[in-house]
Amino acid sequence: MTKFEEYTQIVRNRLSDYRFYHSLCVSDSARELARRYGADEEKAMIAGILHDATKETDEKTQLELIEKAGMKVTELERSQTKFFHQLSGAAFAKCELGIEDEEIISAIRYHTTGHSNMTLMEEIIYLADFISADRNYPDIDEIRKQTERGKEYGLLYATKYTIKSVVDKGKILHPDTVDAYNYFLKTYFYDKR
């Protein structure tokens, strides 16, 4: 049994059918993006299958995992529990599964918010979570189209979509997402002029 198969079984036992199917789809998307952009496909598949491993875990257990890994939770993250699972997912991979590969850990850690100066693997998992085959929300076709055009277009469009969606709902926007947007714009577009 490969590591990917082992982790898939672990995730299968932790998640609902819906969330497990989403994780499989993200893993498939991540593999395709990794192939396209010259990243390690196995690592992308592992990060993809594990990205939501703690999404359905209770908040108390998630916080315990985060603390066990020595990670900090900001006041903003504490007030918006939807951010927990990216932190606790990275902590779970590291502390419970013994994964030491920082590419995988950080890709899980930032798959929801993004951040400035993302690694290629972080960008792949961030995008894969947006465009996976199971996704069906307004603008999904445009996000996929922009990603086909080039990863920088997909990243910028997806981040812009997130910011607009969060603001329109009157929700709190994570500063890492704003930093990601500014970084993508500056790095991939302004610095190319």
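The following paragraphs describe helix H8, the aromatic pairs, the largest pocket, helix H6 with its surroundings, and two loop residues with positive phi in a predicted model.

Helix H8 comprises the twelve residues 120–131, and the distance from its first C-alpha to its last is 16 Å, close to the 16 Å expected at 1.5 Å a residue. Eleven of these twelve residues are buried, so H8 is largely enclosed by the rest of the structure. The buried set consists of Met121, Glu122, Glu123, Ile124, Ile125, Tyr126, Leu127, Ala128, Asp129, Phe130 and Ile131. The packing partners of these buried residues are helices drawn from several parts of the numbering, namely H2 (17–37), H3 (41–50), H7 (102–109), H9 (140–149), H10 (151–168) and H11 (175–188).

Two residues of H8 also enter into the aromatic contacts of the model. The count of aromatic pairs comes to six. In one of them, the ring centres of tyrosine 126 and phenylalanine 184 are 6.4 Å apart and the ring planes stand at 45 degrees; the pair is classed as tilted because an angle under 30 degrees would count as stacked and one over 60 as edge-to-face. This pair links distant parts of the chain, with tyrosine 126 in helix H8 and phenylalanine 184 in helix H11, 58 residues apart. Both partners, tyrosine 126 and phenylalanine 184, are buried. Ring pairs further join Tyr126, Phe130, Tyr183, Phe184 and Tyr188 into a cluster, and Phe130, like Tyr126, belongs to the buried residues of H8.

Helix H8 contributes to the largest pocket as well. This pocket holds about 740 Å³ of space, and among the 26 residues that line it, those closest to its centre are Lys55, Lys82, Thr112, Arg135 and Thr162. The elements that supply two or more residues to the lining are H2, H8 and H10; the largest share, four residues, comes from H10. By residue class, the lining divides into nine nonpolar, nine polar and eight charged residues. The elements H2 and H10, which contribute to this lining alongside H8, are also among the helices against which the buried residues of H8 pack.

A second helix with extensive burial is H6 (84–96), in which ten of the 13 residues are buried, so that this helix is mostly covered. The residues concerned are Phe84, His85, Gln86, Leu87, Ser88, Gly89, Ala90, Ala91, Phe92 and Ala93. Their cover includes helix H1 (3–14), H3, helix H4 (59–68), H5 and H7; of these, H3 and H7 also pack against the buried residues of H8. H6 is followed by glycine 98, which has a positive phi, near 75 degrees.

The loop between helix H5 (75–79) and helix H6 contains phenylalanine 83. This residue has a relative accessible area of 3% and is therefore buried, the limit being under 20%. Beyond its neighbours within four places in sequence, phenylalanine 83 is in contact with Leu76, Glu77, Thr113, Ile172 and His174. The C-alpha atoms of phenylalanine 83 and leucine 50, which are 33 residues apart along the chain, are separated by 15 Å.

Leucine 76, one of the contacts of phenylalanine 83, is located in helix H5. With a relative accessible area of 24%, leucine 76 is partly exposed. When residues up to four places away in sequence are not counted, leucine 76 touches Phe83, Ile172, Leu173, His174 and Pro175. Although leucine 76 and histidine 174 are 98 residues apart along the chain, their C-alpha atoms are separated by 7.6 Å. Ile172 and His174 appear in the contact list of leucine 76 and also in that of phenylalanine 83.

Two loop residues remain to be described with regard to backbone geometry. Most residues other than glycine have a negative phi. Asparagine 117, by contrast, is not a glycine and yet has a positive phi of about 55 degrees. Asparagine 117 lies in the loop between H7 and H8 and is exposed, with a relative accessible area of 53%. Aspartate 139 likewise has a positive phi, near 80 degrees, in a residue other than glycine. Its place is in the loop between H8 and H9, where aspartate 139 counts as partly exposed at 35% relative accessibility.

Terms used: Residues are numbered from 1 along each chain as its sequence is written. This is a predicted model: local features need pLDDT of at least 70, side-chain atom pairs count only at pLDDT 80 or more; totals for chains, interfaces and linings use all residues. Side-chain values use heavy atoms; hydrogens and water are left out. The expected span of a helix is 1.5 Å times one less than its number of residues. Buried means under 20% relative accessible area, exposed over 50%, partly exposed in between (1.4 Å probe, protein chains only). Contact means heavy atoms within 4.5 Å. On a 1 Å grid over the protein atoms alone, a cavity is a set of points where a 1.4 Å probe fits but cannot get out, and a pocket is an open set with protein on both sides within 12 Å along at least five of seven lines; lining residues have an atom within 4 Å of a point. Grid points are joined across faces, edges and corners, and a volume is the space filled by probe spheres set on the points. Ala, Val, Leu, Ile, Met, Phe, Trp, Tyr, Cys and Pro count as nonpolar, Asp, Glu, Lys and Arg as charged, and the others, Gly among them, as polar. Rings of Phe, Tyr and Trp (its six-membered ring) pair if their centres lie within 6.5 Å; planes under 30 degrees apart count as stacked, over 60 as edge-to-face and the rest as tilted.
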